[in-house]
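Visitor: Please take a close look at a single helix in this model. Set it in the context of the whole chain.

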Amino acid sequence: MSVMPRPSILSVEPYVGGESKVPGVNRIIKLSSNEGAFGPPPGAIAAITQAAREAHRYPDGGAKALREAIGARFGLNPEQIVCGNGSDEILTLLILAYGGEGTEIVMSAHGFLMYDLAGRWSGCRVIKVPEKDLRADVDGLLAAVGPRTKLLFLANPNNPTGSILAQSELVRLRRGLPGDVLLVLDSAYAEYVTLPDYDPGQALVDAGDNTVMTRTFSKIFGLGGMRLGWCYAPPAVVDVLGRVRGPFNVSGAAMVAGIAALAEPGWIEASVAHNTEWRGKVAAALEAAGLKVWPSQGNFLLVDFGAAERAKAADAHLRGRGLIVRAMGSYGLAACLRITIGTAEECQMVIEALTEFCRNG
């Protein structure tokens with residue numbers, strides 16, 4: 001082949017999303033992608049249906065109405081909000097804008113895979129810092145920062161471990177970073193957090209000019225298929241993102257769906273209550289069966305089977321019952337499976353299947 005990409009591109013294995021089919025199984029319960037348990041809000045479904053009538057029109061390139069709705073819902077300045085084709089696009093744009101050949105990005109060892117993938121796409125050296133009990137190590141992250149470091153990524157809560165850092169630790173991390181290192185707080189699971197002192201990133205964004213908070217509509221709002229995310233950032237970063245993003249990077253259907261989802265009465269409250277209840281019930285049942293379940297503040301649990309072969313056997317056992325969960329080998333956690341908190345029925349099916357698995361060895 002005479003036409004070759006940059007060498008860093010060929011170092012990347014294509015991202016593989018959560019599976020949705022099992023050969024020979026009719027009813028599939030997909031618990032592999034941390035999708036919302038209840039699907040899209042009714043108002044969002046109606047808005048998407050109505051938007052089909054205007055599918056021939058280009059959307060508002062500035063997503064003004066959506067940004068205003070997000071700002072009103074979360075108490076943020078709409079002028080400091082940038083919307084994207086999922087938060088993945090925003091994460092990638094930040095790396096492309098501030099990273100590149102000859103630079104470094106820092107992340108925790110079991111952080112979200114997209115940081116690593118997008119970093120290598122852009123030619124960055126990606127430094128993965130070991131964790132302590134599957135929690136990000138602030139001292140380790142700070143020690144990994146060098147003169148070529150341009151960005152540090154931290155998901156809080158983290159995917160796939162479910163762990164979370166206290167606000168005091170985030171403040172300590174930001175204060176310990178050089179001023180020219182951009183701290184990106186990925187708060188995709190923010191709505192599920194029940195800790196009273198949790199801040200998804202707004203306070204640190206408001207405190208300076210070198211922190212960005214990213215969020216998504218893919219989880220609690222049930223709009224993963226619409227690809228809609230956003231960030232809250234200092235004005236200078238907003239300006240940079242406006243220069244590098246596509247002019248129509250968010251579809252019209254996604255925008256109206258997002259606005260409607262934000263306005264759905266009681267949606268967040270009911271979703272959080274369900275998730276908190278069943279996350280606790282599933283964790284307790286699996287621990288009673290003899291499994292280690294890592295503490296989680298997301299809409300998923302990381303279940304440790306002690307050995308890679310046992311996790312693989314458990315995965316096969318679940319698949320045989322139509323339950324698809326996420327194997328964690330790509331995250332360096334081959335002994336674990338990540339299980340999304342689904343409906344009450346789906347959670348009960350997981351409990352029964354894994355209890356049976358443990359009982360039979």
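Guide: Start with charge. The chain carries 34 positive and 36 negative side chains. The centres of these two sets lie 3 Å apart. This is a predicted model.

Next, the overall fold. The chain holds twelve helices and 13 strands. Its radius of gyration is 20 Å, close to the 21 Å that the globule rule gives for 361 residues, so the chain is as compact as a globular protein of that length. Along the principal axes, the C-alpha atoms fill a box of roughly 60 × 55 × 50 Å. Contacts tell of sequence separation too. Among contacts with a separation of 6 or more, 74% join residues 24 or more positions apart.

Then the surface. About 15500 Å² of the chain is exposed, and carbon and sulfur atoms supply 55% of that area. Of the 361 residues, 54% count as buried.

Now the helix itself: α3, residues 86–98. Its 13 residues should span 18 Å at 1.5 Å a residue. The end C-alpha atoms are 19 Å apart, which agrees.

Burial comes next. At the start of the list stand G86 and S87, both buried in α3. E89 is buried as well. So are I90, L91, T92, L93, L94 and I95. Each of these falls under 20% relative accessible area. In general, an α-helix has 3.6 residues a turn, so residues three or four places apart point the same way. In α3, the buried set includes the run from E89 to I95.

Finally, what follows the helix. G100 comes after α3, and its phi is positive, near 110°.

Notes:
Residues are numbered from 1 along each chain as its sequence is written. This is a predicted model: local features need pLDDT of at least 70, side-chain atom pairs count only at pLDDT 80 or more; totals for chains, interfaces and linings use all residues. Side-chain values use heavy atoms; hydrogens and water are left out. Helices (H or I, at least four residues) and strands (E, at least two) are DSSP runs, numbered from the N terminus. The expected span of a helix is 1.5 Å times one less than its number of residues. Buried means under 20% relative accessible area, exposed over 50%, partly exposed in between (1.4 Å probe, protein chains only). The radius of gyration is taken over C-alpha atoms; the globule rule is 2.2 Å times the number of residues to the power 0.38. Contact means heavy atoms within 4.5 Å. Accessible areas come from the Shrake-Rupley method with a 1.4 Å probe; for residues, only the protein chains shown count as cover. Lys and Arg count as positive and Asp and Glu as negative; His and the chain ends are not counted. The place of a charge is taken as NZ of Lys, CZ of Arg, CG of Asp or CD of Glu.
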